[in-house]
Each structure stands twice: as C-alpha cells, then as structure tokens.
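Here are my notes on this one, as promised. Have a look at the model first, then read on.

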Amino acid sequence: MKELILSFLRDEEGLTTVEYAVAGALITVAVVAAFTTLGGSVSGTIGIIDGILPG
C-alpha cells in the first residue's frame, strides 16, 4: 500500500492535464475580454453610422 501511495505522489501525468486546463481558462478569459471590448467598439460605430444616415 505504501508503494502505491508513493507511486501516485511521484506520478506527474496529472499535472499535464491541470496545466492544459489552466491554459484553456486563460485563453477563454482573453477571448471573452476581446469580444467584450470589440463589441463596445462595434456598437459605437454602428451608432455613429445610424446617426449619419437619413431615415
């Protein structure tokens, strides 16, 4: 049993999964932030165009 626990503690395979999860979360946050910023910019531009066009 002791050998099984020590083997589990030495195993670094699970670390790779955690690293991928953290990287994926950071990419997701960056994409959401970019779309939020871009969305505000696009909304402002559409408002300006709407004010210029007649009708």
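1. Which residues form a nonpolar patch on the surface? They are Met1, Leu4, Ile5, Leu6, Phe8 and Leu9, and together they have about 720 Å² of accessible area. Patch members have over 30% relative accessible area and no salt bridge, with nonpolar side chains (Val, Leu, Ile, Met, Phe, Trp, Tyr) joined within 5 Å and like charges within 9 Å. A salt bridge here is a side-chain nitrogen of Lys or Arg within 4 Å of a carboxyl oxygen of Asp or Glu. Areas come from Shrake-Rupley with a 1.4 Å probe, and for residues only the protein chains shown count as cover.

2. A word on provenance. This is a predicted model, where local features need pLDDT of at least 70 and side-chain atom pairs count only at pLDDT 80 or more, while totals for chains, interfaces and linings use all residues. Residues are numbered from 1 along each chain as its sequence is written, and side-chain values use heavy atoms, leaving out hydrogens and water.

3. Overall, the protein chain has two helices and zero strands (DSSP runs numbered from the N terminus: H or I of at least four residues for helices, E of at least two for strands). Its radius of gyration is 24 Å, well over the 10 Å that the globule rule gives for 55 residues, so the chain is more spread out than a compact globule. That radius is taken over C-alpha atoms, and the rule is 2.2 Å times the number of residues to the power 0.38. Along its principal axes, the C-alpha trace spans about 80 × 10 × 10 Å.

4. How much of the chain is buried? Of the 55 residues, 0% count as such (buried is under 20% relative accessible area, exposed over 50%, partly exposed in between, with a 1.4 Å probe and protein chains only). The chain exposes about 5,100 Å², and carbon and sulfur atoms supply 72% of that.

5. Back to the patch: Ile5 sits in helix α1, residues 2-10. Its relative accessibility is 45%, so Ile5 counts as partly exposed.

6. Helix α2 covers residues 13-52 and includes Val42, and Leu26 lies in α2 as well. Val42 is partly exposed because its relative accessibility is 40%, whereas Leu26, at 59%, counts as exposed. Their C-alpha atoms are 24 Å apart, with the two positions 16 residues apart along the chain counted as separation. From Leu26 to Gly40 the C-alpha distance is 21 Å, for 14 residues apart in sequence.
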